[in-house]
Amino acid sequence: MANNTNVAVQAEKFGGVATIEERGDYVGRGSENVTTDDLAIPRLKLLQMINPEVEPGNPKQVDGAQAGMIMNSVTEELYTSLFLINLSFTKKIVVWRKRKLGGGMVGSYDTEQEALDALEEQGLAVKDHDISENPTHLVLLLDDEGNPKSVALLDMPGVKVKKSRIWNTLINDEEKQGNPRFGCVWQLGVVSESNSSGNFFNYDVSLVAHAPDELYEQAVEMYSALFAPKTEAA
């Protein structure tokens with residue numbers, strides 16, 4: 001991929017007039033076969049002091065990133081808090097190589113036994129890996145005006161598992177009253193916490209409002225687009 005400097009230089013060649021507002025009739029042409037499966041779904045990442053995105057001089061450093069910020073992994077947008085709708089929930093068992101051995105994810109599995117079997121098949125020692133529960137929420141991000149912006153994956157492993165369970169409990173309470181998972185607007189914030197390992201940042205989720213009807217319908221449309229049963233082409 002070309003670096004930003006080269007892109008800026010090359011862009012000078014295409015500095016003519018671009019009348020975007022006159023192109024609307026052709027939006028979607030050529031993209032007829034693109035589905036949600038063909039798009040990169042970003043992940044939201046809660047930055048900690050140990051993350052390379054906040055380390056000065058690190059090649060992966062993101063301009064303006066600080067510990068305690070939430071980062072979009074694709075756009076590298078940074079937030080101190082944001083509004084969103086929870087579309088769905090899944091839970092996997094993830095195997096990580098221990099940080100002192102280089103770190104990195106080995107794989108994601110439905111059960112702990114599947115994870116152990118996978119390590120054995122690959123000839124990898126269990127003691128060199130961490131096996132942990134990884135709850136993941138698929139969320140619809142909202143812009144500053146409260147309009148749908150994009151979907152993202154929100155992983156809540158480790159110390160975030162408790163927060164995930166609390167969130168699911170609150171959603172379950174709403175569902176008991178007849179309001180579906182994607183019928184609420186939540187604020188995702190950040191709080192500072194500590195345990196025996198030291199200080200860290202964690203998520204804080206609070207209910208803002210029941211989604212207004214128009215926003216709710218947009219959330220339903222997004223959910224349906226993502227989870228509608230796949231049909232085989234004739």
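## Strand β6 and its surroundings

In this predicted model, strands β6 and β7 (residues 148-155) are antiparallel partners, held together by 7 bridges. Leucine 142 has proline 148 of β7 as its bridge partner. Between the two strands lie 5 residues, and the whole arrangement is a hairpin. If you look at the turn, you will find glycine 146 with a positive phi of about 85°.

β6 also pairs with strand β4 (residues 82-97), again in the antiparallel sense, through 13 bridges. Tryptophan 96 and aspartate 130, the latter in β6, stand opposite each other. Here are the pairings of β6 side by side:

| Partner of β6 | Residues of the partner | Sense | Bridges |
|---|---|---|---|
| β4 | 82-97 | antiparallel | 13 bridges |
| β7 | 148-155 | antiparallel | 7 bridges |

How much of strand β6 is buried? The strand spans residues 129-142, and 10 of its 14 residues are buried, which leaves it mostly covered. Asparagine 134 is a good residue to visit in this strand. Its relative accessible area is 10%, and because buried means under 20%, asparagine 134 counts as buried. Leaving aside residues up to four places away in sequence, asparagine 134 touches Thr90, Lys91, Lys92 and Val94, and also Asp155, Met156 and Pro157.

Now to the nonpolar interior. The largest nonpolar core contains 18 residues, and Leu44, Leu84, Trp167, Leu188 and Tyr203 have the most contacts inside it. At least two residues of this core come from each of β1 (43-46), β4, β6, β7, α3 (161-176), β8 (184-195) and β9 (198-210). β8 gives the largest share, with 3 residues. Leucine 188 is worth a closer look: beyond residues up to four places away in sequence, its contacts are Leu44, Ile70, Ser81, Leu82, Leu84, Leu154, Tyr203, Asp204 and Val205. There is also a second, separate core with 13 residues, among them Leu142, Val151, Ala211 and Ala219. Leu142 is the residue whose bridge partner is proline 148.

One more backbone detail may interest you. Which residue has a positive phi although it is not a glycine? That is glutamate 76, with a phi of about 65°. Glutamate 76 sits in the loop that links β2 (70-72) to β3 (78-79). Is glutamate 76 buried or partly exposed? Its relative accessibility is 44%, so glutamate 76 counts as partly exposed.

Key:
Residues numbered from 1 in each chain as written. Predicted model: local features only at pLDDT ≥ 70, side-chain atom pairs only at ≥ 80, totals over all residues. Heavy atoms only, no water. Buried < 20%, exposed > 50% of the residue type's maximum accessible area, 1.4 Å probe, protein only. Helix = DSSP H or I, 4+ residues; strand = E, 2+ residues; numbered from the N terminus. Pairing = 2+ DSSP bridges. Contact = heavy atoms within 4.5 Å. Core = buried A, V, L, I, M, F, W, Y, C linked by side-chain atoms within 4.5 Å.
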